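Dear colleague,

I am handing over the structure below, together with an account of what was found in it. Please read the notes alongside the sequence and the model.

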Amino acid sequence: MRAVVQRVLEASVTVDGQKVSDIGPGLLVLLGVGKGDTEADVAWMVEKLASLRIFEDAAGKMNLSLEDTSRQLIVVSQFTLYGDARKGRRPSFIDAMEPAVAKALYEKACEGLRQRGLSVGTGIFAADMKVALVNDGPVTLLLESPGSTTAAAPKS
């Protein structure tokens, strides 16, 4: 699994003109599921997202996690994180998980975060979403689970 994690002051997701998620300070997570990802990758990502020390403490150090604060997160499915644009002009998405399995693993990740007591907003899987955010910092991290497949080497 791959994730782009952005610390935000606020974020929202809109689908067909309707706001489906809206948070104040917290994290916006774009989450991609790759071929070969399993429930072990989901468990790793849930643990990492919940406990990642990305928020500042009283001394101004990034020392607090979502679980240490009352912050929220929005998790948006993002198959394009597995796009490979090293060759040609059009990205290839062959390393992205097929939609039915990707949706199930995405939903397991969101549920795993909720089970840890976190407030989790989502987008709508496979919908055309409009994501708005105000970055805080900006702080943006890339995460990749240990079992995740890497993009295939370009063909000559």
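What span should the 13 residues of H1 have at 1.5 Å a residue, and how far apart are the end C-alpha atoms of H1? The expected span is 18 Å, and the end C-alpha atoms are 18 Å apart, so the two values agree. Please bear in mind throughout that this is a predicted model.

**Helix H1**

At the N-terminal end of H1, Thr 38 acts as a cap, with a side-chain oxygen 3.1 Å from the backbone nitrogen of Ala 40. The buried residues of this helix are Asp 41, Val 42, Met 45, Val 46, Leu 49 and Ala 50. Around the axis they cover an arc of only 155 degrees, which puts them on the same side of H1. An α-helix has 3.6 residues a turn, so residues three or four places apart point the same way. The buried residues of H1 pack against S1, S3, H2 and S8.

**Helix H2**

The same check of length can be applied to H2. At 1.5 Å a residue, its 17 residues should span 24 Å, and the end C-alpha atoms are indeed 24 Å apart. Buried in H2 are Ala 102, Leu 105, Tyr 106, Ala 109, Cys 110, Gly 112 and Leu 113. Viewed down the axis of H2, these buried residues fall within an arc of 160 degrees, so they line one face of the helix. The face turned away from that buried side carries the exposed residues Ala 100 and Gln 115. Among the elements that cover the buried residues of H2 are S3, H1, S6 and strand S7 (120–122).

Both ends of H2 have a feature to note. At its start, a side-chain oxygen of Glu 98 comes to within 3.0 Å of the backbone nitrogen of Ala 100. Just after the helix, Gly 117 has a positive phi of about 90 degrees.

**The nonpolar cores**

In soluble globular proteins, nonpolar side chains tend to be buried together. The largest nonpolar core here has 29 residues, and those that touch the most other members are Val 5, Leu 27, Val 29, Leu 31, Leu 73, Val 75 and Leu 113. Two or more residues each are given to this core by strand S1 (2–15), strand S3 (26–32), helix H1 (39–51), strand S6 (72–77), helix H2 (99–115) and strand S8 (129–144). H2 supplies the largest share, six residues. Apart from this core lies another, of 11 residues, including Val 4, Val 8, Ala 11 and Val 13.

Leu 31 shows which parts of the chain meet in the largest core. Beyond its neighbours within four places in sequence, Leu 31 is in contact with residues including Met 1, Met 45, Val 75, Ser 77, Leu 81, Tyr 106 and Ala 109.

**Two buried polar residues**

Arg 7 belongs to strand S1. With a relative accessible area of 5%, below the 20% cut-off, Arg 7 is buried. A polar atom of its side chain lies 2.9 Å from the backbone oxygen of Ile 54. Setting aside neighbours within four places in sequence, the contacts of Arg 7 include Leu 27, Phe 55, Glu 56, Met 62, Val 134, Asp 136 and Val 139.

Ser 77, in strand S6, also counts as buried, at 12% relative accessibility. Ser 77 and Phe 125 are 48 residues apart in sequence, yet their C-alpha atoms are 6.0 Å apart in space. Not counting residues up to four places away in sequence, Ser 77 touches Leu 31, Tyr 106, Phe 125, Ala 126 and Met 129.

**Backbone features**

Most residues other than glycine have a negative phi, and most peptide bonds are trans. Where does this model depart from that pattern? Asp 16, which is not a glycine, has a positive phi of about 50 degrees. Asp 16 is in the hairpin of S1 and S2, which has two residues between the strands, and is exposed, with a relative accessible area of 75%. S1 and S2 run antiparallel and are joined by five bridges, with Val 13 opposite Ser 21 in S2.

Ala 126 has a positive phi near 70 degrees. This residue lies in the loop between S7 and S8 and is exposed, at 70% relative accessible area. Finally, the peptide bond from Gly 137 to Pro 138 is cis, with omega near -5 degrees, and Pro 138 is placed in strand S8.

With kind regards

Conventions:
Residues numbered from 1 in each chain as written. Predicted model: local features only at pLDDT ≥ 70, side-chain atom pairs only at ≥ 80, totals over all residues. Heavy atoms only, no water. Core = buried A, V, L, I, M, F, W, Y, C linked by side-chain atoms within 4.5 Å. Buried < 20%, exposed > 50% of the residue type's maximum accessible area, 1.4 Å probe, protein only. Helix = DSSP H or I, 4+ residues; strand = E, 2+ residues; numbered from the N terminus. Contact = heavy atoms within 4.5 Å. Expected span 1.5 Å × (residues − 1). Arc of directions from axis to C-beta. Polar contact = N/O pair within 3.5 Å; in protein donor to acceptor, adjacent residues only side chain to side chain. Pairing = 2+ DSSP bridges.
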